[in-house]
Amino acid sequence: MLGVCPRSVNRTMPWNPIIKSRRDWETIPNLHDYESVRKDFSWEQARAELDGLPDGQGLNIAHEAVVRHATGPLGQQTAIRWLGKSGQVEDYSYARLDDLTNRFATTLQGLGVVKGDRVFVLAGRIPELYITALGTLKHRALFCPLFSAFGPEPIRARLTIGQAKVLVTTESLYQRKVAGIRETLPHLEHVLLIGEERRPTAIPGTQNFHQLLEQHPGIYRIGPTDPEDAALLHFTSGTTGTPKGALHVHGAVVAHHITGKLALDFHPADIFWCTADPGWVTGTSYGIIAPLTNGLTCIVDEADFDAERWYGILQDHRVSVWYTAPTAIRMMMKVGVDLVRKYDLRQLRFLASVGEPLNPEAVVWGEKAFGRPFHDNWWQTETGGIMIANYAAMDVRPGSMGRPLPGIEAGIVKKTESGGVEVLNEPDVQGELALRPGWPSMFRGYWNEPERYKQCFAGGWYLTGDVAKKDADGYFWFVGRADDVIKTSGHLIGPFEVESVLIEHKAVAEAAVIGKPDPVAMEIVKAFVSLKDGHEPSDALRRELLGFARARLGAAVAPKEIAFLPTLPKTRSGKIMRRLLKARELGLPEGDTSTLEG
Ligand code: AMP
């Protein structure tokens with residue numbers, strides 16, 4: 001059953017359009033008057049769209065996403081429609097999802113997992129991942145997703161930093177990526193394996209996920225949850241050092257919910273498809289939480305990108321709101337518009353994109369191919385939810401990320417020598433994109449790294465690490481990153497993580513990693529290495545290094561190109577100058593090289 005109106009739409013909020021008929025609430029854009037909603041918006045008002053736990057016991061993400069719908073008129077509506085790689089279709093109603101996530105929560109209880117413990121999941125887009133996420137949140141443990149294309153090294157680093165107590169994964173991923181590092185993970189007490197069979201696994205030190213779910217009751221009462229209680233740990237990368245675990249709280253659900261409505265234009269009967277992988281923040285905030293709190297039906301596709309498959313999904317499952325990424329859009333552009341025209345996509349109402357700059361041509365191509373533009377929006381792991389967006393009720397400004405959400409103050413700033421910031425109010429001036437802290441989904445820290453967290457703030461602003469401009473009408477335009485992190489196919493990669501693995505090879509003396517521009521993936525990971533005495537550059541060694549890095553880092557993180565250099569350029573204090581390598585790679589001016597080692 002699809003399309004029952006959830007409770008929240010009956011509440012009169014300024015951002016909801018004035019509704020006279022059922023058709024109105026299906027089609028009139030939310031946020032119809034940006035200026036006036038922005039002026040009057042308050043997070044308390046947004047919070048009022050949610051229920052809260054019974055008896056004033058607080059605010060829990062899983063209650064808002066599942067329980068309140070399961071016990072209301074949406075109980076039998078499809079919450080998740082899962083499309084398997086081999087053509088399977090499985091529907092999970094809100095009531096069924098409630099039962100399964102209760103079973104997972106009671107399983108955790110039985111394992112001795114307590115509030116605040118970290119439950120990691122390493123899996124592709126399969127139903128068990130969604131059950132784990134929401135069951136973990138019910139139990140008030142922390143849900144920590146890992147990207148299934150990571151190799152053993154990024155997995156080990158994140159499980160170690162987060163001191164994982166439980167890992168949910170598949171038999172095959174466990175055997176290939178975790179079994180070999182298991183003994184380096186003393187905190188990891190329970191590994192639950194998702195396999196076909198519902199019987200004890202033959203792999204030592206593991207238990208069967210489905211068997212546990214069958215053995216545990218489908219009744220669970222969520223305990224009191226303070227909105228400031230930790231809920232999600234999402235790993236992200238910086239220029240230096242190990243990956244950082246950005247911590248989000250249950251109260252973030254207010255931002256997930258309302259940004260779904262305002263930036264993705266969620267309407268009650270929508271069928272929503274977010275193509276992001278839940279290993280990254282978009283896949284959790286908008287692949288799980290926001291659509292479910294809004295009572296929608298979410299499409300989850302297990303398979304990787306394939307233009308024909310994707311258009312078939314849009315058509316056959318009557319997707320009305322689609323959230324995807326520039327790399328995928330560029331891949332569709334390569335295929336051309338003839339293919340898409342073979343499909344009936346009239347029900348597709350709103351198209352949005354995130355993760356990388358969306359080139360103006362891609363916005364225009366959306367119009368040509370789908371009759372509607374892609375709406376670019378901007379946010380990052382640390383912000384937990386969309387901060388800047390092009391909205392349904394406004395004309396898209398191609399190439400711009402849009403305007404800040406109601407409740408969000410964004411500015412362009414420059415750091416001052418005294419450690420503060422100067423706000424650059426003149427239009428079209430380039431500076432660092434900054435946000436005034438205080439929105440509910442703002443990260444509350446980097447796991448066990450207070451110093452790194454502190455460094456993100458100055459003069460009352462959160463500094464995003466992005467360089468941007470604001471035009472005279474208040475639209476923001478992305479310019480680039482202020483640091484050396486790499487964006488490849490929408491995934492943020494820290495160069496240090498890659499370099500650390502390369503220098504473990506016996507032939508490598510030094511390594512430096514940059515993002516090399518790529519017409520589809522935006523950037524690819526390129527490594528420069530210098531060799532130890534006794535080793536000579538050769539194609540065979542290059543292939544060996546590529547394979548070495550791929551086996552440890554996984555396909556998503558490993559370099560695609562490696563170049564040999566006799567030495568790497570360094571500052572006088574010995575820091576490798578990635579910036580210079582990048583400028584040389586691009587044939588750009590080398591900039592200030594006064595600190596270059598002689
Ligand atoms: P992540 O934390 O992995 O989600 O990556 C966040 C980063 O992706 C941002 O800081 C930006 O550098 C980039 N990003 C996200 N959305 C956009 C966008 N719409 N335009 C340009 N860059 C974006």
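User: What is the volume of the largest cavity, and what makes it a cavity rather than a pocket?

Analyst: In this predicted model, the largest cavity has a volume of about 80 Å³. The term cavity applies because a 1.4 Å probe fits at its points but cannot get out, whereas a pocket is an open set. A search of the whole structure finds 5 cavities of 30 Å³ or more.

User: Which residues lie closest to the centre of the largest cavity, and what makes a residue part of the lining?

Analyst: A lining residue has an atom within 4 Å of a point of the cavity. There are 15 such residues around the largest cavity, and Tyr130, Cys274, Gly287, Ile299 and Val300 are the closest to its centre. By class, the lining holds 10 nonpolar, 3 polar and 2 charged residues. Gly counts as polar in this division.

User: Which elements each supply at least two residues of that lining?

Analyst: These are strand 10 (271-274), helix 11 (281-293) and strand 11 (297-301). Strand 11 gives the largest share, 4 residues.

User: Why is strand 11 called largely enclosed?

Analyst: Buried means under 20% relative accessible area. In strand 11, 5 of the 5 residues are buried, so the strand is largely enclosed by the rest of the structure. Both faces are covered, with Thr297, Ile299 and Asp301 buried on one side and Cys298 and Val300 buried on the other.

User: How do you know that strand 11 pairs with strand 1 and strand 10?

Analyst: Pairing requires at least two bridges between two strands. Strand 1 (residues 78-83) is joined to strand 11 by 4 bridges, and strand 10 by 3 bridges, so both cases satisfy the definition. Strand 1 runs parallel to strand 11, and the pairing of strand 10 with strand 11 is also parallel. Ile299 is the bridge partner of Arg81 and of Trp273.

User: What describes the packing of helix 7 and helix 18, and which residues make the contact?

Analyst: Two packed helices are described by the angle between their axes and the distance between the axes. For helix 7 (residues 152-161) and helix 18 (residues 539-553), the angle is about 40° and the axes are 4 Å apart. Pro152, Glu153 and Pro154 of helix 7 meet Ala551, Arg552 and Leu553 of helix 18. The contact comprises 4 nonpolar, no polar and 2 charged residues.

User: Why is Arg578 called buried?

Analyst: Its relative accessible area is 11%, and the cut-off for buried is under 20%, so Arg578 qualifies. Arg578 belongs to helix 19 (residues 578-586). Beyond four places away in sequence, Arg578 touches Thr239, Asp484, Pro495, Phe496, Glu499, Val513 and Ile514.

Terms used. Residues are numbered from 1 along each chain as its sequence is written. This is a predicted model: local features need pLDDT of at least 70, side-chain atom pairs count only at pLDDT 80 or more; totals for chains, interfaces and linings use all residues. Side-chain values use heavy atoms; hydrogens and water are left out. On a 1 Å grid over the protein atoms alone, a cavity is a set of points where a 1.4 Å probe fits but cannot get out, and a pocket is an open set with protein on both sides within 12 Å along at least five of seven lines; lining residues have an atom within 4 Å of a point. Grid points are joined across faces, edges and corners, and a volume is the space filled by probe spheres set on the points. Axes are lines fitted to C-alpha atoms, for helices over the stretch in contact, and angles run from 0 to 180 degrees between N-to-C directions. Contact means heavy atoms within 4.5 Å. Buried means under 20% relative accessible area, exposed over 50%, partly exposed in between (1.4 Å probe, protein chains only).
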